[in-house]
Amino acid sequence: MGNVTGVKIDKEIMIPIIIFIAVLIFAVLLFFVSKNIARKKASTAEPLTDEAKKMIEPKKVTLTPAALGAAADKLFIAMRGFGTDEKQIYEVFKALQTESDLMALIVAFGKRKSYNFYDGLPAWIADECSQGEIDTINKILADKGINFKF
Ligand SMILES: [Ca+2]
């Protein structure tokens, strides 16, 4: 009797576990596929780092190269790996004063390696932030008279 009950319990536990694992694998695959689709959509409209360089008006850059480097690293740390620290991202953009600051930041960020791509700041923002977060970033920029939109 004990044995029979044991087998019954095993089956009752194993089936939900197998279903759970299958759903989990499917969800992870869906996550990576959707991220790739989002990135491809975004990458058609974004300027390249080289184009950002051409748009910098040196007299309108208010941040030092050291501050720009620190800001780029802060963004990278906020975005890399699992999860995204959007408060840190907003702080970085709030510190910008001009469109040239933003272009200089894009240049300072350069291209960095993610788990599934190697690309510049606009691609990173598109990949890591939700539409609502991107809207917030664009509003922070617009409030400073910076017309660039991620
Ligand atoms: Ca992340």
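**Helix packing and core of a predicted model**

The buried residues of α6 are Leu 121, Pro 122, Ala 123, Trp 124, Ile 125, Ala 126, Asp 127 and Glu 128. The model discussed here is predicted.

User: How many of the residues of α6 are buried, and how is α6 placed relative to the rest of the structure?

Analyst: A residue counts as buried if 20 or more other C-beta atoms lie within 10 Å of its own. The buried residues of α6 include the charged-class residues Asp 127 and Glu 128. Because eight of the eight residues are buried, α6 is largely enclosed by the rest of the structure.

User: In what order do the elements of the protein run from the N terminus on?

Analyst: The protein has seven helices and two strands. From the N terminus on, the order is α-α-α-α-α-β-β-α-α.

User: Which helix supplies the largest share of the largest nonpolar core?

Analyst: This core holds 27 residues, of which Leu 75, Leu 105, Ile 106 and Ala 108 touch the most other members. At least two core residues come from each of α3 (65-79), α4 (86-94), α5 (99-109), α6 (121-128) and α7 (131-143). The largest share, eight residues, comes from α5.

User: Which residues is Leu 105 in contact with, leaving aside its neighbours within four places in sequence?

Analyst: Leu 105 is one of the core residues that touch the most other members. Once neighbours within four places in sequence are set aside, its contacts are Leu 68, Ala 71, Ala 72, Leu 96 and Leu 121.

User: Are α3 and α4 roughly parallel or roughly antiparallel to each other?

Analyst: The axes of these two helices come within 8 Å and cross at roughly 160°. Angles over 145 degrees count as roughly antiparallel. The crossing of α3 and α4 is left-handed. The two helices are therefore roughly antiparallel.

User: How many nonpolar, polar and charged residues has the contact of α3 with α4?

Analyst: On the α3 side the contact is made by Ala 71, Lys 74, Leu 75 and Ala 78, and on the α4 side by Gln 88, Ile 89 and Val 92. By class, these are five nonpolar, one polar and one charged.

User: Does Thr 84 count as buried, partly exposed or exposed, and what separates its C-alpha atom from that of Ser 130?

Analyst: Thr 84 is found in the loop between α3 and α4. Not counting residues up to four places away in sequence, Thr 84 touches Ala 78, Met 79, Glu 128 and Cys 129. With 18 C-beta neighbours inside 10 Å, Thr 84 counts as partly exposed. Ser 130 is 46 residues away along the chain, and the C-alpha separation is 9.9 Å.

Notes: Residues numbered from 1 in each chain as written. Predicted model: local features only at pLDDT ≥ 70, side-chain atom pairs only at ≥ 80, totals over all residues. Core = buried A, V, L, I, M, F, W, Y, C linked by C-beta atoms within 7 Å. Buried ≥ 20, exposed ≤ 12 C-beta atoms within 10 Å, placed from the backbone. Helix = DSSP H or I, 4+ residues; strand = E, 2+ residues; numbered from the N terminus. Contact = placed C-beta atoms within 7 Å. Axes fitted to C-alpha atoms, helices over the stretch in contact; angles between N-to-C directions. Parallel < 35°, antiparallel > 145°, perpendicular 65-115°, else oblique. Left-handed = near helix turned anticlockwise from the far one by under 90°.
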